[in-house]
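Biologist: I should be grateful for a close look at a single part of the structure shown below. Please begin with one pair of side chains, and then follow the description outward from there.

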Amino acid sequence: MKQFKTIFGFEFGAHLKNKAFVGVTIFLVVIIAGALFLPRILDSFSSDSSDQQGASNTEVSSVAIVVEGDVDKDLAKQAFDEIAKDDGKELVIESDIEKVKEKIMSGDYAYAYAIHDLKSYTYYVETLNIYSDMQGPSNAAMERLNYYTMMKQSGMSLDDVKKASDITVEGVPEVLGNDQSQNYFYTYIMIFALYMIILLYGQMVATNVASEKSSRAMEVLITSARPVALMFGKILAACLAGMSQLILIFGTAVICYNVNSEYFEDNPIISSIFNIPTEMIFFMLLFFLLGFLLYAMMFGAIGSMATKVEDINTLQTPVTMIFVIAFMIVIFGMNGDVNSPIMVVASYIPFTSPMAMFTRVVMGDIAWFEIVISVIILIVSTIGIGILSARIYRAGVLHYGKAPKFSEMLSKAKTSI
């Protein structure tokens, strides 16, 4: 145990002092904090600018509409008035489109419409923002105009048309299971984070072991520490470093979001990402820990089989491919049916269950005993792979020369004590 603590402390400290680890962590924390504080910063600049410019440069408060042909002006105004109200502006009926264009360029109107007939119109604006999407609301307004015109032509009075168009319908969904639309975004972020952390730190464990072998440092280490203590010290140190990095990054995001939450009230995507139920955080940490240990042990065993660092890429390819396939299965399952047969099967296979079962817990309809069975299988598999990896590690750390085949390492592992 003393050997394990020494190795664990040394390896964990090495991760914390690693320039790449510190640099990436600081970079992500700054980027996330900056993104979540950006609306507040922009709002403060906007307020300062409006205070300095005064009332003379206030935002344009009117839009214009020019009605041509036989189109009813009152119905057109009623149909397009909803667009103006949504923008917080007043709709004004004009008759000369050329004068309207001049007023748009002078800043008197924000934008304008020229309705040629019931099937065509032109939208006028001085500068079209790349994020502006006026075609959808404008087409909807034209559809309303056609609808109002047909109602009036059928004999309804203008007052009756107004009454019919003022009817509002409100539907309130009641979710009895999981709301996938609410859970999708933070599930995707968690799965992607799990994918990156396992690959990054798993390969780091394998590379560290191979580096120590190639520099002959392993020969010195092996005389003062047991191979099993070396392997598990490296793996658990990497696991704690990865979890610390995740907690720091996501903790920063949560704190920054809570400070600026009023600026994201109208953004359902951002709100859904940060409104994570407590039990989901528990499942995320559980499956992250078990999934990381499972793959990190395999990467540790792979590192012990390599004589040179260059051998790592070839030896780790099968494990990396398994993990990438597991990731792709889960991503496709998230965009389809999370309770599909392939996702159900993947929930009980140890190599895929850390991501697949977590996705089904968050986004699917799943019984509690399914979670328990999956976790038990994953724990037993992690322990079994840990024992096998420890034996391979014990047999491989002092192996030099040509990298052995996996079957050869298994036969050595059977005879190792």
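Modeller: The part I have chosen is the pair E370 and R360, which forms a salt bridge with its closest N and O atoms 3.3 Å apart. E370 belongs to helix 16 (residues 368–396) and R360 to helix 15, so that this pair, ten residues apart, links distant parts of the chain. Please bear in mind that the model is predicted. Both partners are classed as buried: this holds for E370 and also for R360.

From R360 the description passes to the helix that carries this residue. Helix 15 spans residues 353–363 and packs against helix 13, residues 317–334, with the two axes 9 Å apart and an angle of about 15° between them. Angles under 35 degrees count as roughly parallel, and helix 13 and helix 15 are therefore roughly parallel to each other. The crossing of helix 13 with helix 15 is right-handed. On the side of helix 13, the residues in contact are F323, A326, F327, V330 and M334; they meet M355, A356, T359 and M363 of helix 15. By class, this contact comprises eight nonpolar residues and one polar residue, with no charged residues.

Among the residues of helix 13 in that contact is F327, which merits separate attention. F327 has a relative accessibility of 9% and, because values under 20% count as buried, is placed in the buried class. When neighbours within four places in sequence are set aside, the contacts of F327 are I191, F192, Y195 and M355. M355 is also one of the helix 15 residues named in the packing with helix 13. In addition, the C-alpha atom of F327 lies 7.6 Å from that of T352, a residue 25 positions away along the chain.

The ionic pair described at the outset can be set beside others. A search of the whole structure gives eight salt bridges, including R144 with E82, whose closest N and O atoms are 3.7 Å apart. R144 is in helix 5 (residues 135–153) and E82 is in helix 3 (residues 73–86), so this pair ties together parts separated by 62 residues in sequence. E82 has a relative accessible area of 40% and is partly exposed, whereas E370 and R360 are buried. Another salt bridge joins the side chains of K103 and E94, at 3.3 Å from N to O. K103 is likewise assigned to the partly exposed class, with a relative accessible area of 30%.

The helices that carry R144 and E82 are themselves packed together. Helix 3 and helix 5 have axes 8 Å apart, at an angle of about 150°. Angles over 145 degrees count as roughly antiparallel, and this makes helix 3 roughly antiparallel to helix 5. Their crossing is right-handed, as is that of helix 13 with helix 15. In this contact, L75, A76, Q78, A79, F80, E82 and I83 of helix 3 meet P137, S138, A141, M142, R144, L145, Y148, T149 and K152 of helix 5. The residues involved divide into ten nonpolar, three polar and three charged.

Two further buried residues extend the picture. H15, in helix 1 (residues 2–17), has a relative accessibility of 6% and counts as buried. Not counting residues up to four places away in sequence, H15 touches F21, Y201, M204, A237, A238 and A241. T252 is located in helix 9 (residues 227–259) and, at 15% relative accessibility, is also buried. With neighbours within four places in sequence left aside, T252 is in contact with V29, A33 and I247.

As for the whole chain, its secondary structure amounts to 17 helices and four strands. Of its 417 residues, 41% are buried. Among contacts with a sequence separation of 6 or more, 74% are between residues 24 or more positions apart.

Terms used: Residues numbered from 1 in each chain as written. Predicted model: local features only at pLDDT ≥ 70, side-chain atom pairs only at ≥ 80, totals over all residues. Heavy atoms only, no water. Axes fitted to C-alpha atoms, helices over the stretch in contact; angles between N-to-C directions. Helix = DSSP H or I, 4+ residues; strand = E, 2+ residues; numbered from the N terminus. Parallel < 35°, antiparallel > 145°, perpendicular 65-115°, else oblique. Left-handed = near helix turned anticlockwise from the far one by under 90°. Contact = heavy atoms within 4.5 Å. Nonpolar A, V, L, I, M, F, W, Y, C, P; charged D, E, K, R; others polar. Buried < 20%, exposed > 50% of the residue type's maximum accessible area, 1.4 Å probe, protein only. Salt bridge = Lys/Arg side-chain N within 4 Å of Asp/Glu carboxyl O.
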